[in-house]
Amino acid sequence: MTLRSVLVGTGSALPKRKVTNAQLAETVDTSDEWIVARTGIRSRYIAGEGETTSTLATEAARQALAAAGLVPADIGLIVLATATPDQTFPATATQVQHNLGCNGGVAFDVAAVCSGFLYAIGIADSLLRTGMSKRALVIGAETFSRILDWEDRTTCVLFGDGAGAIVLEAREVDEDGPGVLATRLHADGAHNGLLYVDGGPSSTGTVGHVRMKGPEVFRHAVVNLAEVLREVLADQGLTSADIDWVVPHQANQRILDATARKLGLAPEKVIVTVDRHANTSAASVPLALDTAVRDGRIKAGDLVVLEAMGGGFTWGASLIRV
Ligand code: UT7
């Protein structure tokens, strides 16, 4: 028997307002053709009044708890990945904890931008296996629309808002049983200037806007993602042929295709939501995971690999038996 963090529930939440490419093209110098051809994105959800990172995260968390058959009091640890917290501080995780009504446990945010959910899984899994807590809510939640420069067509068409959550439970399982099997995380600050926000409390005292050198990020993404996927599989003596599903960060359909090709993965094993959600940063992996669990594709016993790459650069992958 071995102590593992077992996935026992998933949930997600989207803002009410859906915005299509055609709607965006009414105010931004762009077109549905360009956005679809270059990214695969057809629509995104944009937060409105009263919708924030914490409200979306709370809704996703409630769904994940319901799916797991648990109540908030069962949760002792909340790790929330976001680059768009409600406030500079306190951590958005503490607001979610309060909204759920499970005060008193551990709650904090993780900042690793689009890779944040992978970092959050790595941290939560490590803490659960120390015995610090029995169950964790791991959340990725963003309102990127609030830090976009709506006059910069090279970035504003790419992102959307949303949240996804999972519940992990520490359990003694058989060697071939369920749980997080391995997580590999990386960061390389040398590439800070390729994807960043041009503001912050300590540098400018402003919130700032997303800036990205897209084509350069694209090239790094394909190389880094293929590499970290190979690493996490090698950790368990597996190859891409053993994988049932890949749940990738949803930045660009062309990145999903190129990474799958590099690894020799069948495209039908790749969960795709970028067409509907666009890039929701830390929320994209748990949103895609919840989508595929709820539509019945991902089932108990499946071997699933999650992966993401984002600003920093940061990147990572996690191998989970459901
Ligand atoms: O989540 C974190 C990780 N992020 C990513 O992984 C994003 C990675 N990068 C990408 O997905 C792609 O590089 C983009 C989608 C951002 C851009 O696609 P691209 O094929 O690399 O296009 P490009 O930046 O080379 O731009 C091609 C042309 C340019 O025009 P010129 O200079 O060739 O005349 C751009 O000005 O497309 C133009 N363009 C647009 N045209 C219409 C850029 N944005 C738009 C737009 N609508 N929204």
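**Figure 1. Helix 8 gives the most to the lining of the largest cavity, with 4 residues.** The model is predicted. Helix 8 spans 253-263, and strand 11 covers 245-248. Each of these two elements supplies at least two residues of the lining. The lining consists of Leu225, Val246, Pro248, Ile255, Leu256, Thr259, Ala260, Leu265, Val270 and Glu307. By class, 8 of these residues are nonpolar, 1 is polar and 1 is charged. The volume of this largest cavity is about 50 Å³. Rolling a probe the size of a water molecule over the atoms shows where empty space is left.

**Figure 2. The second largest cavity is lined by Leu229, Leu233, Ser240, Ile243, Val246, Leu263, Leu265 and Val305.** A search of the whole structure finds 2 cavities of 30 Å³ or more. The second largest holds about 50 Å³ of space. Its lining has 7 nonpolar residues and 1 polar residue. No charged residue takes part in this lining. Val246 and Leu265 line the second largest cavity and also line the largest cavity.

**Figure 3. Helix 7 packs on helix 8 at an angle of about 40 degrees.** Helix 7 runs over residues 214-235, and the two axes lie 9 Å apart. At that angle, helix 7 is therefore oblique to helix 8. The crossing is right-handed. On the helix 7 side, the contact is made by Phe218, Ala221, Val222, Val223, Leu225, Ala226, Leu229 and Arg230. On the helix 8 side, the contact residues are Arg254, Ile255, Ala258, Thr259, Lys262 and Leu263. The contact has 10 nonpolar, 1 polar and 3 charged residues. Some of these residues reappear in the cavity views. Leu225, Ile255 and Thr259 are among the residues that line the largest cavity. Leu229 and Leu263 are among those that line the second largest cavity.

**Figure 4. Helix 3 and helix 4 pack with their axes 9 Å apart.** Helix 3 covers residues 53-68 and helix 4 covers residues 92-100. The angle between them is about 55 degrees. Helix 3 is therefore oblique to helix 4. Helix 3 passes helix 4 in a right-handed crossing. Helix 3 makes the contact through Thr53, Ser54, Ala57, Thr58, Ala61, Arg62 and Leu65. Helix 4 makes it through Thr92, Gln95, Val96, Asn99 and Leu100. In this contact, 5 residues are nonpolar, 6 are polar and 1 is charged.

**Figure 5. The largest pocket has a volume of about 860 Å³.** Its lining has 36 residues. Of these, Ala83, Thr84, Pro85, Ile147 and Val207 lie nearest the pocket centre. Two elements give two or more residues to the lining: strand 5 (106-110) and strand 9 (195-197). Strand 9 gives the most, with 3 residues. The lining divides into 17 nonpolar, 16 polar and 3 charged residues.

**Figure 6. The peptide bond from Phe89 to Pro90 is cis.** Omega for this bond is near 5 degrees. Pro90 sits in the loop between strand 4 (77-81) and helix 4. Helix 4 is the element that packs against helix 3 in Figure 4. Most residues other than glycine have a negative phi, and most peptide bonds are trans.

**Figure 7. A second view of a cis peptide bond shows Gly312 joined to Phe313.** Here omega is about -15 degrees. Phe313 belongs to the loop between strand 12 and strand 13. Strand 12 spans 303-310, and strand 13 spans 314-321. Two residues of strand 12's range appear in the cavity views. Glu307 lines the largest cavity, and Val305 lines the second largest cavity.

**Figure 8. Val113 has a positive phi, near 50 degrees.** Val113 is a residue other than glycine. Its place is in the loop between strand 5 and helix 5. Helix 5 covers 116-130. Strand 5 (106-110) also gives two or more residues to the lining of the largest pocket in Figure 5.

Terms used
Residues are numbered from 1 along each chain as its sequence is written. This is a predicted model: local features need pLDDT of at least 70, side-chain atom pairs count only at pLDDT 80 or more; totals for chains, interfaces and linings use all residues. Side-chain values use heavy atoms; hydrogens and water are left out. On a 1 Å grid over the protein atoms alone, a cavity is a set of points where a 1.4 Å probe fits but cannot get out, and a pocket is an open set with protein on both sides within 12 Å along at least five of seven lines; lining residues have an atom within 4 Å of a point. Grid points are joined across faces, edges and corners, and a volume is the space filled by probe spheres set on the points. Ala, Val, Leu, Ile, Met, Phe, Trp, Tyr, Cys and Pro count as nonpolar, Asp, Glu, Lys and Arg as charged, and the others, Gly among them, as polar. Axes are lines fitted to C-alpha atoms, for helices over the stretch in contact, and angles run from 0 to 180 degrees between N-to-C directions. Angles under 35 degrees count as roughly parallel, over 145 as roughly antiparallel, 65 to 115 as roughly perpendicular and the rest as oblique. A crossing is left-handed if the near helix is turned anticlockwise from the far one by less than a right angle, and right-handed if clockwise. Contact means heavy atoms within 4.5 Å.
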